[in-house]
Amino acid sequence: MTFVSSFEKKVKKTIKDYQLAGKKDKILVACSGGKDSTVVLYLLKKFGYDAEALMIDLGIGEWSEKNLKNLRAFCRKHGIKMHVFSMRKEFGCSVCYIRSSVQFRKKLKNCMICGVIKRWLLNKKARELGAAKLATGHNLDDEAETVLMNMFRGDPVVGMGPKNGVIIDSRFVQRIKPLYFCSISESRMYSEAMKFTVLYDPCPCSITATRRWVRNWLAELENADAVKMHIVRNFLVVQKAAMKNFKSEAAIQQCSSCGEPSRGGQCRRCELISIMRE
Ligand code: AMP
Ligand code: ZN
């Protein structure tokens, strides 16, 4: 079997084994313009799912412009519907502006701030567009790193996996990760084999991320890809056991500022916006 067909088989198996989506589900694929989310978009479409692209134009200079241009061309070529929302239109400024204003008052990491804002907007837009699922390009490397980072921080183990399902609330569109068991190098090899026009450079703002450090550290280990697979497989076993005793904390409420789902008071996005406006 060629690499291309074995990669496709693996993604198909992940979707089937973890019941990530049905053929009638409308899936919005959160597309950054990078290789992973482009591969997810392409494969969901190829497998016959009702998939559309959802991109947030973060306004990170030339990097965002190139990603937007690449994704537009890709969607046009493959006949895929594309939805773009601009940070400048939605928030009145780029994500870089929000980040630097927040960081002026609070020591928070670039990726953390961007992640909160992105997740908030992606969930809101996917829900408004009537999506049953929101697919992301998270791959094996991302997930193994997240398991380790959550352990380092003492965060709970329940809320991750090929699909999220801890908090069932109609205001949250279920997130799915079809590349959960595909390493970053496999995803890149597939994207290159398919000759996708995408940027392979990481986001220019992620230089200081702890994640980058964990990634480099994992990469130095012998049989690094096997180690990453052991990390996520073991995590899934532990998660399954933990879920049996898991009781969701307080019911999800409404953010007092934006009305989006929140654990109480303001949601994390609105907390950041309040800090920015102080
Ligand atoms: P990151 O948080 O940059 O590691 O990206 C994780 C996933 O979020 C990607 O695989 C995409 O599915 C999604 N994503 C990242 N950036 C964007 C964006 N600008 N617009 C839409 N989805 C994005
Ligand atoms: Zn809010």
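**Entry 1: the zinc site.** I started with the zinc ion (ligand 2) and looked up its protein donors, which are the SG atoms of C255, C258, C267 and C270, lying 2.2 to 2.3 Å from the ion. I note here that I am reading a predicted model. Along the sequence I found these donor residues spaced as C-x2-C-x8-C-x2-C. The pair C255 and C267 links distant parts of the chain, twelve residues apart, with C255 in the loop between strand 6 (253–254) and strand 7 (261–262), and C267 in the loop between strand 7 and helix 11 (268–277).

I then asked what arrangement the four donor atoms make around the zinc ion (ligand 2). The angles they subtend run from 106 to 114°, and I therefore wrote the arrangement down as tetrahedral, given that four donors count as such if all angles lie between 85 and 135 degrees. For reference, the ideal angle for four tetrahedral donors is 109.5 degrees. I also checked the accessibility of two of the donor residues: C255 has a relative accessibility of 4% and so counts as buried, and C267, at 6%, counts as buried too.

**Entry 2: ligand 1.** Next I turned to ligand 1 and asked which residues of its surroundings are the closest. There are 13 residues around ligand 1, and the closest are A30, C31, I56, K118 and G137. I looked for the polar atoms facing the ligand, and noted that a polar backbone atom of A30 lies 2.5 Å from an oxygen atom of ligand 1, while for G137 a polar backbone atom is 3.0 Å from an oxygen atom of the ligand. With K118 the contact comes from the side chain, one of whose polar atoms lies 3.3 Å from an oxygen atom of ligand 1. Taken alone, ligand 1 exposes 480 Å², of which the protein buries 74%.

I also wanted to know which elements supply the shell, and found that strand 2 (50–57) and helix 6 (110–128) each give at least two residues to it. Strand 2 contributes the most to the shell around ligand 1, with three residues.

**Entry 3: N110 in helix 6.** Having met helix 6 in the shell around ligand 1, I looked at N110, which is found in that helix. Its relative accessibility is 17%, and N110 therefore counts as buried, the cut-off for that word being under 20%. I recorded a polar contact of 2.9 Å that joins the side chain of N110 to the side chain of Q103.

**Entry 4: E8 in helix 1.** I went on to helix 1 (residues 3–17), where E8 is found, and asked whether E8 is buried or exposed. At 11% relative accessibility, E8 counts as buried. Leaving out residues up to four places away in sequence, I listed L43, K46, F47 and Y190 as the residues that E8 touches.

**Entry 5: two positive phi values.** Last, I looked up two residues that are not glycines and yet have a positive phi, namely Q19, at about 45°, and N223, at about 50°. Q19 sits in the loop between helix 1 and strand 1 (26–30), and with a relative accessibility of 60% Q19 counts as exposed. N223 belongs to the loop between helix 9 (210–219) and helix 10 (224–244), and N223 likewise counts as exposed, at 56% relative accessibility.

Terms used. Residues numbered from 1 in each chain as written. Chains lettered and ligands numbered in written order. Predicted model: local features only at pLDDT ≥ 70, side-chain atom pairs only at ≥ 80, totals over all residues. Heavy atoms only, no water. Donors = N, O, S within 2.8 Å, 3.2 Å for Na, K, Ca; no water. Tetrahedral: all angles 85-135°; square planar, octahedral: opposite > 155°, others 65-115°. Helix = DSSP H or I, 4+ residues; strand = E, 2+ residues; numbered from the N terminus. Buried < 20%, exposed > 50% of the residue type's maximum accessible area, 1.4 Å probe, protein only. Contact = heavy atoms within 4.5 Å. Near = heavy atom within 4 Å. Polar contact = N/O pair within 3.5 Å; in protein donor to acceptor, adjacent residues only side chain to side chain. Areas by Shrake-Rupley, 256 points an atom, 1.4 Å probe, with all protein chains shown as cover.
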